[in-house]
Amino acid sequence: SAGKASRPPSKNIAYVLLDKDGSVQFQKDGAKQTIKLADLEGLADSWQQSQNQNNDSAILIQADKSLPFDEVMKVHAALSKAGVKRIAFGVTSASH
């Protein structure tokens, strides 16, 4: 429920990184790859299946604060459609 987040997972976490220019990267196990938003659902589905029954797995959406919220919600929708159960959000500052 809102305001009562459980502790974040210590491992088994993947990241979707959204840059201010709209580029999307998928990062797992320390390896990053630039992807198209259209490919995110398939990648997230594969990752989710590789986690088996691990309830400690999650995906963190890390978005640049200047990115429109609608872009972040498109990513959230793709992850949800792929069956990802735990999705967290983070914000990064625009680099100068």
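Biologist: Which elements do the buried residues of H2 pack against?

Modeller: Keep in mind that this is a predicted model. H2 covers residues 69-81, and its buried residues include Val72 and Leu79. Those buried residues pack against S1, helix H1 (37-50), S4 and strand S5 (87-92).

Biologist: And why do the buried residues of H2 line one face of the helix?

Modeller: The ones in question are Val72, Val75, Ala78 and Leu79, each under 20% relative accessible area. Over on the other side of H2, Phe69 and Lys81 are exposed. Look down the axis of H2 and the buried residues line one face, because they fall within an arc of 120°.

Biologist: What span does H2 reach from its first C-alpha to its last?

Modeller: H2 has 13 residues, and at 1.5 Å a residue 18 Å is expected. Its reach is close to that, at 18 Å.

Biologist: S1 pairs with S4 and with S2, so to speak; which residue stands opposite Ile13 in S4?

Modeller: S1 (residues 13-18) and S4 (residues 58-64) run parallel, joined by six bridges. Within that pair, the residue opposite Ile13 is Ala58.

Biologist: Now the other partner: which residue in S2 stands opposite Val16?

Modeller: S2 spans residues 24-28 and pairs with S1 in the antiparallel sense, over four bridges. In S2, Val16 has opposite it Phe26.

Biologist: Which residue in the turn of the S1 and S2 hairpin has a positive phi?

Modeller: Five residues sit between the two strands of that hairpin. One residue in the turn has a positive phi of about 90°, and that is Gly22.

Conventions
Residues are numbered from 1 along each chain as its sequence is written. This is a predicted model: local features need pLDDT of at least 70, side-chain atom pairs count only at pLDDT 80 or more; totals for chains, interfaces and linings use all residues. Side-chain values use heavy atoms; hydrogens and water are left out. Two strands pair if DSSP finds at least two bridges between them. The expected span of a helix is 1.5 Å times one less than its number of residues. Buried means under 20% relative accessible area, exposed over 50%, partly exposed in between (1.4 Å probe, protein chains only). The arc is that of the directions from the helix axis to the C-beta atoms. Contact means heavy atoms within 4.5 Å.
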